[in-house]
Amino acid sequence: MENLEWSKLPFGYFKTDYNVRCYYRNGSWGKLEVSSSEMIHVHMAATCLHYGQEAFEGMKAYRGADGKVRLFRWEENAKRMQRSSQGILMAEVPSELFKEAVVKTVQLNERFVPPHGTGAALYIRPLLMGTGVQVGVKPADEYLFMVFVGPVGPYFKEGFNPVTMQVVKDMDRAAPQGTGHIKVGGNYAGSLKALARAQEEGYASAIFLDAKEKKYIDECGPANFFGIKDNTYITPKSNSILPSITNMSLMTLAEHLGMKVERRPVSLEEIESFEEVGACGTAAVISPIKKIVDRETGKVFEYCKDGKAGPISTKLYKKLQSIQYGDESDVFIWTTII
Ligand SMILES: Cc1ncc(COP(=O)(O)O)c(C=O)c1O
């Protein structure tokens, strides 16, 4: 891919050479098939189109300075997709099949894995959908699991530079006992309107609160929220947020760096006392937040007074990235060379 300007890539769809597919029929998974088509053939009465039987994952492959390609904690993505299946009654993709499909798709598209040092990575999108036909509200008996990939740059155009976010109270992404804790398409449909409005109003993302009391922070669009205060890494605990693999890793790193870690409800009022705040997820790793505005009351919370990310967020970001890219020894055994 000689002509690609890797360091200028946006976060978006990019056509590559191949994707892989596997069908679940008559109670079992078939063989992986390789395809060079970007299209899928789906029955008009498939449950994914009517009843939202669809789940996906988001992960990345990173090229190291040694030229090797690494996956980051793929087992956690496999497990999360299995929890998504359990949540909306879909066939589960066994971890070994998940790994085989991901590895194969990355290997087949190796020329699209960005070179080390460009800040870009190969985004991997595993996808599971109900393809069986139903007209009554019932789960399908046939499923399609597929994986496609594409090189991406940072999720927010700011990269590791601080962004602004808007707290919304008039819209929710997920119900308190709904599906917020799994990665199913319906949650994202529910968040589109609030995210689009936040962007129109000049913010990088919306921050959702708990749907019941509108008192506690849930998450920041497609990323978890964290704050730093008194050498403590604090992140919300809630049934309606997606357990982020990045956040889980940052909690381990924070502890390793001698910080305390607290996972508990975080009220909107409390964030005033935080020294640093950020959003975390695979796409951006960490997006430092410089300003949060409560859309309803107009209250403003400000951080990064010098315009730069705080010292602890920076340290955590660098540490995690250097493990992901293989620049640092993988003491937690988080990466898999493929
Ligand atoms: C709603 C939501 N929260 C959080 C995350 C971050 O999760 P992870 O760190 O596993 O990418 C994502 C992205 O997958 C997401 O879609």
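## Strand β10 and its neighbours

Strand β10, which spans residues 205-209, is mostly covered, since five of its five residues are buried. In this predicted model, the covering applies to both faces of the strand: Ser205, Ile207 and Leu209 are buried on one side, and Ala206 and Phe208 are buried on the other.

β10 has a pairing partner in strand β9 (residues 163-168), to which it is joined in the parallel sense over four bridges. In the register of this pair, Met165 stands opposite Ser205 of β10. The two strands also belong to a right-handed β-α-β unit, in which the helix is α4, residues 185-200. A further partner of β10 is strand β11 (residues 217-220), and here the two run antiparallel and are joined by three bridges. Within this antiparallel pair, Leu209 is the residue that stands opposite Ile217 in β11. Leu209 is also among the buried residues listed for β10, as is Ser205, the residue opposite Met165.

## Two residues with positive phi

Most residues other than glycine have a negative phi. Lys214 has a positive value, with phi near 55°, although the residue is not a glycine. Lys214 is found in the loop between β10 and β11, that is, between two strands that pair in the antiparallel sense. As for its surroundings, Lys214 counts as partly exposed because 16 C-beta neighbours lie inside 10 Å, whereas a buried residue would need 20 or more.

Cys304 likewise is not a glycine and has a positive phi, of about 45°. Its place is in the loop between β17 (300-302) and α6 (311-324). With 19 other C-beta atoms within 10 Å, Cys304 is partly exposed; the cut-off for a buried residue is 20 or more, so the count for Cys304 does not reach it.

## Two domains and their contact

The protein chain is divided into domain 1, residues 6-152, and domain 2, residues 163-324. The C-alpha centres of the two domains lie 26 Å apart, and the contact between them takes 20 residues from domain 1 and eleven residues from domain 2. On the side of domain 1 that touches domain 2, the elements giving two or more residues are the strands β4 (54-56), β5 (59-63) and β6 (69-72), together with helix α2 (74-87). Of these, α2 gives the most, with six residues. By residue class, this side of domain 1 divides into seven nonpolar, five polar and eight charged residues.

## The chain as a whole

The secondary structure of the protein chain comes to six helices and 18 strands. Taken along the principal axes, the C-alpha atoms fill a box of roughly 55 × 50 × 35 Å. The radius of gyration of the chain is 20 Å, which agrees with the value near 20 Å that a compact globule of 338 residues would have.

Of the 338 residues, 46% count as buried. Among contacts between residues at least 6 apart in sequence, 70% join residues that are at least 24 apart. The pairing of β9 with β10 offers a local view of residues brought together across the sequence, with Met165 standing opposite Ser205.

Definitions and conventions:
Residues are numbered from 1 along each chain as its sequence is written. This is a predicted model: local features need pLDDT of at least 70, side-chain atom pairs count only at pLDDT 80 or more; totals for chains, interfaces and linings use all residues. Domain bounds come from an automatic or database domain assignment. Two residues are in contact if their C-beta atoms, placed from the backbone, lie within 7 Å. Ala, Val, Leu, Ile, Met, Phe, Trp, Tyr, Cys and Pro count as nonpolar, Asp, Glu, Lys and Arg as charged, and the others, Gly among them, as polar. A residue is buried if 20 or more other C-beta atoms lie within 10 Å of its own, exposed if 12 or fewer, and partly exposed in between; C-beta atoms are placed from the backbone. Two strands pair if DSSP finds at least two bridges between them. A crossover is right-handed if, with the strands pointing away from the viewer, the path from the first strand over the helix to the second runs clockwise. The radius of gyration is taken over C-alpha atoms; the globule rule is 2.2 Å times the number of residues to the power 0.38.
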